[in-house]
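Reader: I'm new to this, and I keep tripping over the labels people use. Could we go through one model and talk about where the labels come from?

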Amino acid sequence: MAAALARRAGGSAAAAAALWGAARGFASVGSDIVSAAPGVSLQKARSWDEGVATKFSTTPLKDIFYGKKVVIFGLPGAYTGVCSQSHVPSYKNNIDKLKAKGIDSVICVAVNDPYVLNGWAEKLQAKDAIEFYGDFDGSFHKSLDLEIDLSAALLGSRSHRWSAFVDNGKIKSFNVEEAPSDFKVSSAEVILDQI
């Protein structure tokens with residue numbers, strides 16, 4: 001669907017992302033991200049021992065988004081190429097610029113368990129700048145219509161590559177890449193211009 005919308009938008013990735021968001025009918029600019037994913041909670045990245053100590057607690061979306069200005073970006077998975085080499089570093093390298101624009105938190109979410117995300121965040125030395133959350137069963141991404149089958153790459157059901165600026169739960173900007181290997185509209189540099 002994203003490819004068809006890109007053709008309708010004259011090939012512009014940003015215009016295609018906007019059209020796709022409008023066409024999907026789930027989460028889009030102007031909608032409430034918590035209402036778009038009712039009852040969904042995410043799992044903050046942590047070690048196994050921290051998981052046991054917190055009784056495998058989860059974080060409701062309202063606690064992540066309400067009363068805050070949040071930049072969130074989703075990606076296909078921890079330890080994968082574009083995610084490790086470009087996507088996370090773009091946010092890590094621009095954290096001061098994002099905070100200067102009043103952003104309370106920058107969040108990375110992926111269809112992974114919180115333990116894998118914790119190890120990956122530590123490897124990327126990004127844990128101090130970015131909050132990492134697992135969507136272990138994909139329910140968050142399914143609710144937002146951002147699920148994609150990446151079985152051909154041996155990843156199974158994952159997330160599209162995307163980003164959003166969310167103010168007090170309301171989606172102010174929403175960017176979805178045409179393909180999971182693309183990195184054109186979901187970078188920190190793009191979202192900085194949208195805040």
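Author: Happy to. Keep in mind that this is a predicted model.

Reader: Let's begin with Phe-73. What makes Phe-73 count as buried?

Author: Buried means under 20% relative accessible area. Phe-73 comes out at 0%, so Phe-73 counts as buried. Tyr-91 also has a relative accessible area of 0%, so the word buried fits there too.

Reader: How do you know that Phe-73 and Tyr-91 form an aromatic pair, and why is the pair called what it is called?

Author: In general, you describe two aromatic rings by the distance of their centres and the angle of their planes. Rings pair if their centres lie within 6.5 Å, and planes under 30 degrees apart count as stacked. Phe-73 and Tyr-91 are 4.0 Å centre to centre, with 5 degrees between the planes, so they form a pair and the pair is stacked. This pair links distant parts of the chain: Phe-73 sits in strand 3 (residues 69-75) and Tyr-91 in helix 6 (residues 81-93), 18 residues apart.

Reader: And what about Trp-162 and Phe-174: why is that pair called tilted?

Author: Their ring centres are 5.8 Å apart, within the 6.5 Å limit, so they pair. The planes stand at 45 degrees, which is neither under 30 nor over 60, so the pair is tilted. Trp-162 belongs to strand 8 (residues 162-167) and Phe-174 to strand 9 (residues 170-176), twelve residues apart. Both residues are buried. In total, the structure holds seven aromatic pairs.

Reader: How do you know that strand 8 and strand 9 are paired?

Author: Two strands pair if there are at least two bridges between them. Strand 8 and strand 9 are joined by six bridges, so they pair, and they run antiparallel. Trp-162 stands opposite Val-176 of strand 9. The two strands form a hairpin with two residues between them, and Asn-168 in the turn has a positive phi of about 55 degrees.

Reader: What makes strand 9 mostly covered?

Author: Five of its seven residues are buried.

Reader: Asp-167 is in strand 8 as well. Why is Asp-167 called partly exposed?

Author: Partly exposed lies between the 20% limit for buried and the 50% limit for exposed. Asp-167 is at 25%, so it counts as partly exposed. Its contacts beyond the neighbours within four places in sequence are Lys-68, Lys-69 and Lys-172. Asp-167 and Gly-67 are 100 residues apart in sequence, but 7.7 Å apart in space, C-alpha to C-alpha.

Reader: Then what makes Trp-48 exposed?

Author: Exposed takes over 50%. Trp-48 has 51%, so Trp-48 is exposed. You'll find Trp-48 in helix 4 (residues 48-53). Together with Val-52 and Phe-56, Trp-48 forms a nonpolar patch on the surface, with about 310 Å² of accessible area. Ring pairs also link Trp-48, Phe-56 and Tyr-115 into a cluster.

Reader: One last residue: why does Ser-187 count as buried?

Author: Its relative accessibility is 7%, under the 20% limit, so Ser-187 counts as buried. Ser-187 is in the loop between strand 9 and helix 10 (188-194). Leaving out residues up to four places away in sequence, Ser-187 touches Ser-90 and Tyr-91. That's Tyr-91 from the stacked pair again.

Reader: And how much of the protein chain counts as buried?

Author: Of its 195 residues, 51% count as buried.

Note on methods. Residues are numbered from 1 along each chain as its sequence is written. This is a predicted model: local features need pLDDT of at least 70, side-chain atom pairs count only at pLDDT 80 or more; totals for chains, interfaces and linings use all residues. Side-chain values use heavy atoms; hydrogens and water are left out. Rings of Phe, Tyr and Trp (its six-membered ring) pair if their centres lie within 6.5 Å; planes under 30 degrees apart count as stacked, over 60 as edge-to-face and the rest as tilted. Helices (H or I, at least four residues) and strands (E, at least two) are DSSP runs, numbered from the N terminus. Buried means under 20% relative accessible area, exposed over 50%, partly exposed in between (1.4 Å probe, protein chains only). Patches are made of residues with over 30% relative accessible area and no salt bridge: like charges are joined within 9 Å, nonpolar side chains (Val, Leu, Ile, Met, Phe, Trp, Tyr) within 5 Å. Accessible areas come from the Shrake-Rupley method with a 1.4 Å probe; for residues, only the protein chains shown count as cover. A salt bridge is a side-chain nitrogen of Lys or Arg within 4 Å of a carboxyl oxygen of Asp or Glu. Contact means heavy atoms within 4.5 Å.
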